[in-house]
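Please read the following walk through the fold with the coordinates open beside the text. It begins with the whole chain, moves on to the sheet, and ends with individual residues in the loops.

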Amino acid sequence: MDTPKFKPFIRQTISHSRQWEWIAPDLQEAVQVVSHVLPFRTNEYVLDHLIDWNNVPDDPIYRLTFPHRDMLAPDDYARLRELVLGKADQPALAELVRRIRLRMNPHPAGQMTHNVPRVNDAPLKGLQHKYKETVLFFPSAGQTCHAYCTFCFRWPQFVGMDDMKFDARESHELAAYLRQHPEVTDVLITGGDPLIMNTRSLEAYIEPLLAPELAHIQNIRIGTKSVAYWPQRFVSDRDADDLLRLFERVVAAGKNMAIMGHYNHAVELRQPIAQQAVKRIVGTGATLRMQGPLIRHINEDPASWAELWQTGVRLGAIPYYMFVERDTGPRAYFQLPLARAHEVFQAAYQMVSGLSRTVRGPSMSAFPGKVVIDGIANIGGEKVFALQLLQARKADWVRKPFYAKFDPQATWMDELKPAFGRDKFFFEEEGGSRSEFGAEAPGARKVIPLMAAR
């Protein structure tokens with residue numbers, strides 16, 4: 001039997017797929033137009049096995065991977081369509097695309113202005129250090145994916161916005177930085193998707209982390225969507241066995257090899273090869289944690305989440321996070337009110353046994369940290385959101401309960417107001433901020449000037 005080979009499709013080649021003729025002309029047009037602003041990339045596995053073509057355009061994986069007209073404002077779409085189909089005024093098209101992208105909050109939660117570490121007053125390219133214990137590392141060879149999610153909060157990485165791109169070409173700066181920061185216990189290798197790289201390239205980044213002088217690094221994490229979009233990476237790719245041996249070497253070195261698997265819908269784990277991938281990963285001694293955002297049009301059904309978590313647990317994976325979709329990109333298309341997010345999480349949580357209740361959520365990766373909605377309650381006659389920080393920019397903020405006025409329409413942290421007549425949340429009183437926009441009025445969104453790339 002032939003080993004399946006990875007074959008991607010982008011805007012310029014999607015018409016070569018056998019499924020293209022099954023897509024209605026208006027949907028084809030939307031792909032060609034919107035993909036000038038947002039990244040588009042899929043592959044044969046997604047097309048052949050994950051999308052139910054009898055349910056397009058409402059199939060969740062189709063909506064997850066194919067751009068849609070409603071991801072742009074009507075006026076933007078109309079003008080963009082005119083320029084794309086006219087194929088004449090390329091400078092005007094490029095300028096319109098740039099303006100639309102900049103209105104989409106391309107670097108949420110201060111990821112470029114507040115999270116980049118500096119050495120000798122110079123930013124370290126390809127690193128982020130938001131939380132004391134954890135450093136994020138973005139290898140340059142891992143700055144793409146097997147397929148793109150239309151909601152992805154790192155979409156600027158993929159569309160040529162080079163001044164908003166994280167990528168490190170060398171691993172020595174990471175090791176040097178870690179030697180200076182013994183408080184760091186976790187390194188998250190992320191992207192894009194690091195597992196788009198071959199094993200030899202990935203090994204060059206991981207091996208230095210096993211050195212004796214970096215004994216304080218206890219956990220090496222890899223953030224990846226390949227478990228869902230290309231599980232062949234762990235099963236039948238030419239170097240799949242080499243990848244698993246690399247995981248085993250990390251474990252043998254006394255460290256935890258944690259695969260942070262991005263799953264968005266139960267269908268992604270129904271395929272036999274996807275389940276085989278999970279078993280092969282955990283068979284190396286690595287852990288596989290399951291996480292993903294709650295997204296309108298995609299996974300609002302609590303039963304899908306329950307099935308995903310239950311299947312994962314049966315295979316040896318650990319349900320980890322249900323996130324709230326970040327305030328970036330086509331957020332108006334995907335966002336859900338926080339009250340609805342809590343309702344979906346609670347309903348799914350009630351469907352599963354204790355083994356699946358390792359999952360946390362719904363959680364916002366907001367500017368102050370990971371804010372979880374613990375519940376909705378009536379306290380002293382006031383209806384409130386009960387909140388906590390599961391992770392924070394300041395360690396002593398973690399797990400402090402705080403409360404926001406209940407707002408049935410609020411979709412993100414900067415739209416919430418403190419409860420009980422207070423003017424500020426506790427972390428704001430201690431010098432923090434609820435958003436990257438500082439003391440701006442709640443809900444204010446703007447583009448922050450970026451530090452010069454070096």
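**From the whole chain to single residues**

The protein has 14 helices and 15 strands, and the model discussed here is a predicted one. Of its 454 residues, 58% count as buried. Among the contacts with a separation of 6 or more, 71% are accounted for by residues that lie 24 or more positions apart.

A good place to begin is the sheet. It is an open sheet formed by 11 strands in the order 5-6-7-8-9-10-11-12-13-14-15, with mixed pairing. Its edge strands are strand 5 (127-131) and strand 15 (402-405), each of which pairs on one side only. Neighbouring strands of the sheet are turned against each other by 30° on average, when direction is ignored. At one edge, strand 5 pairs with strand 6 (residues 134-137) in the antiparallel sense over three bridges, and the bridge partner of L127 in strand 6 is F137.

Further along the strand order, strand 9 (residues 256-262) has pairing partners on which the next step builds. Strand 8 (residues 219-224) pairs with strand 9 in the parallel sense over six bridges, and within this pairing I222 has I259 as its bridge partner in strand 9. Strand 9 is also joined by five bridges to strand 10 (residues 287-294), and these two strands run parallel; here M260 has R289 of strand 10 as its bridge partner. Strand 9, helix 10 (residues 272-283) and strand 10 together make a right-handed β-α-β unit. As for how strand 9 is covered, five of its seven residues are buried.

Helix 9 (residues 240-252) lends itself to a simple check of geometry. At 1.5 Å a residue, its 13 residues should span 18 Å, and since its end C-alpha atoms are 19 Å apart, the model agrees with that expectation. Which residues of helix 9 are buried? They are A240, L243, L244, L246, F247 and V250. These residues cover an arc of only 150° around the axis, and therefore they lie on the same side of helix 9. The elements that cover them include helix 7 (199-206), strand 8, strand 9 and helix 10. Helix 9 packs on the sheet, where it touches strand 8 and strand 9, and its direction makes about 135° with that of strand 9. Just after helix 9, G254 takes a positive phi of about 90°.

Helix 7, one of the elements that cover helix 9, contains R200. With a relative accessibility of 70%, R200 counts as exposed, because the cut-off for that class is over 50%. R200 and L246 are 46 residues apart in sequence, while their C-alpha atoms are 9.4 Å apart in space.

Other pairs of residues also link separate parts of the sequence. D70 is placed in the loop between helix 3 (60-65) and helix 4 (74-86), where it is exposed, with a relative accessible area of 58%. Its C-alpha atom is separated by 6.7 Å from that of Y333, although the two residues are 263 residues apart along the chain. Is T150, in the loop between strand 6 and helix 6 (172-179), buried or exposed? At 7% relative accessibility, T150 counts as buried. Leaving aside residues up to four places away in sequence, T150 touches R63, L64, T65, F66, P67, M71, P330 and F334. Of these contacts, P67 is 83 residues from T150 in sequence, with 6.4 Å between their C-alpha atoms.

Some details of the backbone remain to be inspected. A cis peptide bond joins G191 and G192, with omega at about 20°, and G192 is found in the loop between strand 7 (186-189) and helix 7. The peptide bond from G361 to P362 is also cis, with omega near -15°, and P362 is found in strand 12 (residues 360-365).

Positive phi values deserve a look as well. R399 has a positive phi of about 65° although it is not a glycine; it is found in the loop between strand 14 (382-392) and strand 15, and it is partly exposed, with a relative accessible area of 47%. F420, likewise not a glycine, has a positive phi of about 60°. F420 is found in the loop between strand 15 and helix 14 (426-429), and at 38% relative accessibility it counts as partly exposed.

Technical notes: Residues are numbered from 1 along each chain as its sequence is written. This is a predicted model: local features need pLDDT of at least 70, side-chain atom pairs count only at pLDDT 80 or more; totals for chains, interfaces and linings use all residues. Side-chain values use heavy atoms; hydrogens and water are left out. Buried means under 20% relative accessible area, exposed over 50%, partly exposed in between (1.4 Å probe, protein chains only). Helices (H or I, at least four residues) and strands (E, at least two) are DSSP runs, numbered from the N terminus. Two strands pair if DSSP finds at least two bridges between them. A crossover is right-handed if, with the strands pointing away from the viewer, the path from the first strand over the helix to the second runs clockwise. The expected span of a helix is 1.5 Å times one less than its number of residues. The arc is that of the directions from the helix axis to the C-beta atoms. Contact means heavy atoms within 4.5 Å. Axes are lines fitted to C-alpha atoms, for helices over the stretch in contact, and angles run from 0 to 180 degrees between N-to-C directions.
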